[in-house]
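Work through the exercises below with the model open beside you. Try each task before you read its solution.

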Amino acid sequence: MNPDIKKTTDIITEQTQLFESLRREVNKVLVGQEKLLDRMIIALITGGHILLEGVPGLAKTTAIKTLAQALGLDFHRISFTPDLLP
């Protein structure tokens, strides 16, 4: 096997294992939200943004907080509700 292909394959395998480990850790708290988790991970990898909208109780805050904790990141919540208006 070509050494460059072997090296690339090893890197992909290692990163896949890291993402699966992250997915397992988050799924301990967040159940049944695989698409949401995939989109959050994609946003992190690509340096993009994600806007979570929905009615209260859909675990939006829990999802982000859990992902941040699993990655050892800080979590800060911003809420744009009518009570924040001057």
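The exercises go from the whole chain to the helix pairs and then to single residues. The model is predicted.

**Exercise 1. The overall layout**

Task: Determine how many helices and strands the protein chain has, and in what pattern they follow each other.

Solution: Begin with the count. The protein chain has three helices and zero strands. Next, read along the sequence. The pattern is α-α-α.

**Exercise 2. Spread out or compact?**

Task: Decide how the radius of gyration of the protein chain compares with the globule rule for 86 residues.

Solution: Take the rule first. For 86 residues it gives 12 Å. The radius of gyration of the protein chain is 17 Å, well over that value, so the chain is more spread out than a compact globule. Now look at the box. Along the principal axes, the C-alpha atoms fill roughly 65 × 25 × 20 Å. Then turn to burial. Of the 86 residues, 14% are buried, with a cut-off of under 20% relative accessible area. Finish with the contacts. Among those with a separation of 6 or more, 40% join residues 24 or more positions apart.

**Exercise 3. Helix α1 against helix α2**

Task: Describe how α1 and α2 pack, and list the residues that meet.

Solution: Fix the limits first. Helix α1 covers residues 3–27, and helix α2 covers residues 34–46. Their axes lie 11 Å apart, at an angle of about 130 degrees. That makes α1 oblique to α2, because an angle between 115 and 145 degrees falls outside the parallel, antiparallel and perpendicular classes. The crossing of α1 over α2 is right-handed. Now the residues. From α1 come Phe19, Leu22, Arg23, Val26 and Asn27. They meet Glu34, Leu37, Asp38, Ile41 and Ile45 of α2. Sort this contact by class: six residues are nonpolar, one is polar and three are charged.

**Exercise 4. Helix α2 against helix α3**

Task: Give the geometry of the α2 and α3 pair, and the classes of the residues in their contact.

Solution: Helix α3 spans residues 60–71. It packs on α2 at an angle of about 55 degrees, and the axes are 11 Å apart. The two helices are therefore oblique to each other. Their crossing is right-handed. On the α2 side the residues are Leu36, Leu37, Met40 and Leu44. On the α3 side they are Ala63, Ile64, Leu67 and Leu71. The class count is eight nonpolar, no polar and no charged residues.

**Exercise 5. Helix α1 against helix α3**

Task: Find how the axes of α1 and α3 cross, and which residues make the contact.

Solution: The axes of α1 and α3 come within 9 Å. They cross at roughly 130 degrees. The pair is therefore oblique. Handedness comes next: α1 passes α3 in a right-handed crossing. The contact uses Leu22, Glu25 and Val26 of α1. From α3 it uses Thr66, Leu67, Ala70 and Leu71. By class, there are five nonpolar residues, one polar and one charged.

**Exercise 6. Two residues outside the helices**

Task: Place Asn2 and Ile78, and state whether each is buried, partly exposed or exposed.

Solution: Start with Asn2. It sits in the segment before α1. Its relative accessible area is 39%, so Asn2 is partly exposed. Check its distance to Asn27: 25 residues in sequence, and 37 Å in space from C-alpha to C-alpha. Now take Ile78. This residue lies in the segment after α3. At 66% relative accessibility, Ile78 counts as exposed. Ile78 and Thr46 are 32 residues apart in sequence. Their C-alpha atoms are 22 Å apart in space.

**Exercise 7. A backbone angle in a loop**

Task: Say what phi Ala59 has, and where Ala59 is found.

Solution: Phi comes first. Ala59 has a positive phi of about 70 degrees, although it is not a glycine. Then locate the residue. Ala59 is in the loop between α2 and α3. Last, its exposure. With a relative accessible area of 29%, Ala59 is partly exposed.

Terms used. Residues are numbered from 1 along each chain as its sequence is written. This is a predicted model: local features need pLDDT of at least 70, side-chain atom pairs count only at pLDDT 80 or more; totals for chains, interfaces and linings use all residues. Side-chain values use heavy atoms; hydrogens and water are left out. Axes are lines fitted to C-alpha atoms, for helices over the stretch in contact, and angles run from 0 to 180 degrees between N-to-C directions. Helices (H or I, at least four residues) and strands (E, at least two) are DSSP runs, numbered from the N terminus. Angles under 35 degrees count as roughly parallel, over 145 as roughly antiparallel, 65 to 115 as roughly perpendicular and the rest as oblique. A crossing is left-handed if the near helix is turned anticlockwise from the far one by less than a right angle, and right-handed if clockwise. Contact means heavy atoms within 4.5 Å. Ala, Val, Leu, Ile, Met, Phe, Trp, Tyr, Cys and Pro count as nonpolar, Asp, Glu, Lys and Arg as charged, and the others, Gly among them, as polar. The radius of gyration is taken over C-alpha atoms; the globule rule is 2.2 Å times the number of residues to the power 0.38. Buried means under 20% relative accessible area, exposed over 50%, partly exposed in between (1.4 Å probe, protein chains only).
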